[in-house]
Amino acid sequence: MMMVRSATTAVAAILLMVSAARAGDPVGAYKVEGRNPDKSSYSGTATVEKTGETYKVTWDIGGAVYVGTGIGDKNFLAVSYKSAGQAGLALYGEEGENWAGVWTYHNSRKVGAEKWTRQ
């Protein structure tokens, strides 16, 4: 009986650690819903991969692919990105398993908004 209780406790502890790590980790695949600076909307996907101390973020928005490098922790993710000569910056905050934030193009005076929903 004691062995079963110890095994159950160990499994529960492992599951808790895995779920806690995932909740604060942006790595994964997301559905993207966003608003451009001109207030038009868009949708697509984003994938976040761990690359050492940084993250690689790849968006596919209407067939246009944007690739960025991010830094952050369990609370935020800052990403610089580029696509077809257009550079920009995005900043996301963690919302449970999802992320939401704002972004802008290089030299812009307006921002867009974006929400990532984990898939």
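## Salt bridges, pocket and surface of a predicted model

Glu 33 is partly exposed, because its relative accessible area of 39% lies between the 20% limit for buried and the 50% limit for exposed residues. The model that shows this is a predicted one. Glu 33 forms a salt bridge with Lys 31, and the closest N and O atoms of the pair are 3.6 Å apart. Lys 31 counts as partly exposed as well, at 41% relative accessibility.

The structure holds two salt bridges. In the other, Lys 115 pairs with Glu 95, with 3.1 Å between the closest N and O atoms. This pair links distant parts of the chain: Lys 115 belongs to strand S8 and Glu 95 to strand S6, 20 residues apart. Side chains of opposite charge can pair when their charged atoms come close. Lys 115 counts as partly exposed at 34% relative accessibility, and Glu 95 counts as partly exposed at 41%.

The setting for these contacts is the overall fold. The secondary structure of the protein comes to one helix and eight strands. Read from the N terminus, the order of elements is α-β-β-β-β-β-β-β-β. Of the 119 residues of the protein, 30% count as buried.

Tyr 92 is one of the residues placed in strand S6, which spans residues 86-95. At 2% relative accessibility, Tyr 92 counts as buried, because the value is under 20%. Tyr 92 and Lys 115 are 23 residues apart in sequence, while their C-alpha atoms are 8.5 Å apart in space.

Tyr 92 also takes part in the lining of the largest pocket, together with Asn 36, Tyr 42, Trp 59, Ile 61, Tyr 66, Tyr 81, Trp 103, Tyr 105 and Glu 114. Strand S3 (54-61) and strand S7 are the elements that give two or more residues to this lining. The volume of the largest pocket is about 160 Å³. By class, its lining has eight nonpolar, one polar and one charged residues.

On the surface, Ile 71, Phe 76, Leu 91, Val 102 and Val 111 make a nonpolar patch of about 410 Å². Val 111 is placed in the loop between strand S7 (98-105) and strand S8 (112-118). Val 111 counts as partly exposed, at 44% relative accessibility.

The loop between S7 and S8 also holds Asn 107. The phi of Asn 107 is near 65 degrees, a positive value in a residue other than glycine. Ala 84, in the loop between strand S5 (76-83) and S6, likewise has a positive phi, near 50 degrees, and is a residue other than glycine. Most residues other than glycine have a negative phi. Ala 84 is exposed because its relative accessible area of 86% is over 50%. Asn 107 counts as exposed for a like reason, because its relative accessibility of 69% is over 50%.

The table sets out these two loop residues.

| Residue | Loop | Phi | Relative accessible area |
|---|---|---|---|
| Ala 84 | between S5 and S6 | near 50 degrees | 86% |
| Asn 107 | between S7 and S8 | near 65 degrees | 69% |

Note on methods. Residues numbered from 1 in each chain as written. Predicted model: local features only at pLDDT ≥ 70, side-chain atom pairs only at ≥ 80, totals over all residues. Heavy atoms only, no water. Patch = residues over 30% accessible without salt bridge, like charges linked within 9 Å, V, L, I, M, F, W, Y side chains within 5 Å. Areas by Shrake-Rupley, 256 points an atom, 1.4 Å probe, with all protein chains shown as cover. Salt bridge = Lys/Arg side-chain N within 4 Å of Asp/Glu carboxyl O. Helix = DSSP H or I, 4+ residues; strand = E, 2+ residues; numbered from the N terminus. Buried < 20%, exposed > 50% of the residue type's maximum accessible area, 1.4 Å probe, protein only. 1 Å grid on protein atoms, 1.4 Å probe; cavity = no way out; pocket = protein on both sides within 12 Å on 5 of 7 lines; lining within 4 Å. Points joined across faces, edges and corners; volume = space filled by probe spheres on them. Nonpolar A, V, L, I, M, F, W, Y, C, P; charged D, E, K, R; others polar.
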